[in-house]
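Student: Hi! Could we look at a protein structure together and work through some questions about it?

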Amino acid sequence: MASQEILREEPSRGSFVNDPKIRSIFFQTLVIVLLFGSVWWIVQNVIDNLARLHIASGFGFLRGRAGFDISDTPIAYTSDSTYFRAILVGLINTIIVAVAGIITATIIGFVIGIGRLSHNWLIRKICTVYVEIFRNIPPLLVIFFWYSGVLAVLPPPRESFHLPLGTFLNQRGFYFPRAIWGDGSWLIGVAFLVALAMAWFVAYRARQRQMATGQQFPVFWTSVALIIGLPVLAFLLAGMPLTFDLPKQSTFNLTGGFQVKPEFLSLYLALSCYTAAFIAEIVRAGIRGVSKGQTEAAGALGLRSGPILRLVVVPQAMRIVIPPMTSQYLNLTKNSSLAIAIGYPDLTATAGTVLNQTGQAVEGVFIMMIAYLVLSLVTSAVMNVVNARMALVER
């Protein structure tokens, strides 16, 4: 009986220092105290420095007059506009170059990635050289290459390259006709939205039909006909309310049309080419990750190499490709901040100018951090939705 009571007694834990639970609570509490202490010290140091420099904190300075011009203004802006509008112009410029770069880098990356797996020796080696060159050069040097090594050596405006469709290319950028929409042009936009909705419905119904009967429907060409045909029909019914302002050569410059300045072109081309090299490797790895048996099975069914790649290999590779490709999209968006080196007025450049003029360093850096954070989170959210739709669904 006494031996049973001894067995029921809990073993002694000894000193509380050896108790894992107590040690865990102690160290977690210590980390929290140190973290909050560090934050408090930083905040207090910032407040003391602002008080010493007689700088008032807060975001009221955003209502002040900017007093500086911006070269590329996608929205109305003058030097009399507010600091907030100046930062908004920079944010829109960042979004424009990021979206354009993502689309172009994806297209180039897919072409180069598939080309690296080509059976043609020359195509395979050209794609390999492209990847190895751009992947091993810093993006800032790629930007300088396009800005100083390509666009800067173009001829002056009086000797512009006259390209098709009334476009010109020279040291000052790329000029093309500006579209001027007249009354009733809103019908074209409505027709385009309706066409997109109808194309989505056709794709949805075609997928249901294929799952039920196995019969395919020409979704792609039907969607193309809808997206092009309906806006063209609305354009004709509205009385063709469209004219063009064509660029014209003058003695020293070009007048009219729409100008894409060399700063934007160099940044756009550099980010697209640089990021495409990484996307190409991701695409190549994704295609390699698809079992070879899938290709052999599709070939046994009588499919040719083109349909096998488009209908069998690439859709399965996308499940591998999309997650790492999201990181490249985020890198491209953040690398757009390098535009300050060539004078393109992106978010970093405009917010930096506001910061220098007002002395509101903390608020200026905070605005930039929040803006890039929101852009990155939106990009990640969109890609997560795409990844969820591409994920393998078990029946």
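Student: How much space lies in the second largest pocket?

Tutor: Good place to start, and keep in mind that this is a predicted model. A pocket is an open space, and its volume is what probe spheres fill. For the second largest pocket, that space comes to about 650 Å³.

Student: Which residues lie nearest the centre of the second largest pocket?

Tutor: The lining of this pocket is made up of 18 residues. They divide into 8 nonpolar, 6 polar and 4 charged. Those that lie nearest the centre are L117, H119, I287, T295 and L309.

Student: Which element gives the most to the lining of the second largest pocket?

Tutor: The second largest pocket is lined by 18 residues. The elements giving two or more residues to this lining are α3, α4, α8, α9 (292-300) and α10 (305-335). With 4 residues, the element that gives the most is α10.

Student: Let's zoom out. What is the radius of gyration of the protein?

Tutor: The protein has 12 helices and 8 strands. For 395 residues the globule rule gives 21 Å, and the protein's value is well over that, so the protein is more spread out than a compact globule. Along the principal axes, its C-alpha atoms fill a box of roughly 105 × 75 × 45 Å. The radius of gyration itself is 29 Å.

Student: What percentage of contacts between residues at least 6 apart in sequence join residues at least 24 apart?

Tutor: Here we set aside pairs that are fewer than 6 apart in sequence. Among the contacts that remain, we ask which ones join residues at least 24 apart along the sequence. The share is 67%.

Student: Now the charged pairs. Which residue meets R65 in a salt bridge?

Tutor: The structure holds 5 salt bridges, and this is one of them. The N to O distance is 2.7 Å. R65 and its partner both lie in the loop between α2 (20-52) and α3 (83-115), so the pair ties together parts that are 15 residues apart in sequence. The partner is exposed, with a relative accessible area of 55%, and its name is D80.

Student: How far apart are the closest N and O atoms of E132 and R135?

Tutor: Both residues lie in helix α4 (residues 121-135), where 3 residues apart is about one turn of the helix. E132 is partly exposed at 33% relative accessible area, and R135 is partly exposed at 29%. Their closest N and O atoms are 3.0 Å apart.

Student: Is E281 buried or exposed?

Tutor: E281 forms a salt bridge with R284, with the closest N and O atoms 3.1 Å apart. The two are 3 residues apart in helix α8 (residues 262-288), which is about one helical turn. R284 is partly exposed at 25%. E281 has a relative accessible area of 16%, and the cut-off is 20%, so E281 is buried.

Student: Which residues do salt bridges with shared partners join into one network?

Tutor: We have just seen that E281 is buried and R284 is partly exposed. Salt bridges that share partners link both of them to other residues in one network. The members are R116, E132, R135, E281 and R284.

Student: Which residues is L271 in contact with, leaving aside its neighbours within four places in sequence?

Tutor: L271 is found in helix α8 and is buried, at 1% relative accessibility. Its C-alpha atom is 9.3 Å from that of L140, although the two are 131 residues apart along the chain. Its contacts beyond those neighbours are L332, N335 and S336.

Student: How far apart in space are L242 and W181, C-alpha to C-alpha?

Tutor: L242 sits in strand β5 (residues 242-245) and is partly exposed, at 23% relative accessibility. Beyond four places in sequence, it touches A179, I180, W181 and F235. L242 and W181 are 61 residues apart in sequence, while in space their C-alpha atoms are separated by 4.8 Å.

Student: One last one: which residues does S380 touch, not counting residues up to four places away in sequence?

Tutor: S380 has its place in helix α12 (residues 361-390). At 18% relative accessibility, under the 20% cut-off, S380 counts as buried. The residues it touches are T326 and L330.

Terms used:
Residues are numbered from 1 along each chain as its sequence is written. This is a predicted model: local features need pLDDT of at least 70, side-chain atom pairs count only at pLDDT 80 or more; totals for chains, interfaces and linings use all residues. Side-chain values use heavy atoms; hydrogens and water are left out. A salt bridge is a side-chain nitrogen of Lys or Arg within 4 Å of a carboxyl oxygen of Asp or Glu. Buried means under 20% relative accessible area, exposed over 50%, partly exposed in between (1.4 Å probe, protein chains only). On a 1 Å grid over the protein atoms alone, a cavity is a set of points where a 1.4 Å probe fits but cannot get out, and a pocket is an open set with protein on both sides within 12 Å along at least five of seven lines; lining residues have an atom within 4 Å of a point. Ala, Val, Leu, Ile, Met, Phe, Trp, Tyr, Cys and Pro count as nonpolar, Asp, Glu, Lys and Arg as charged, and the others, Gly among them, as polar. The radius of gyration is taken over C-alpha atoms; the globule rule is 2.2 Å times the number of residues to the power 0.38. Contact means heavy atoms within 4.5 Å.
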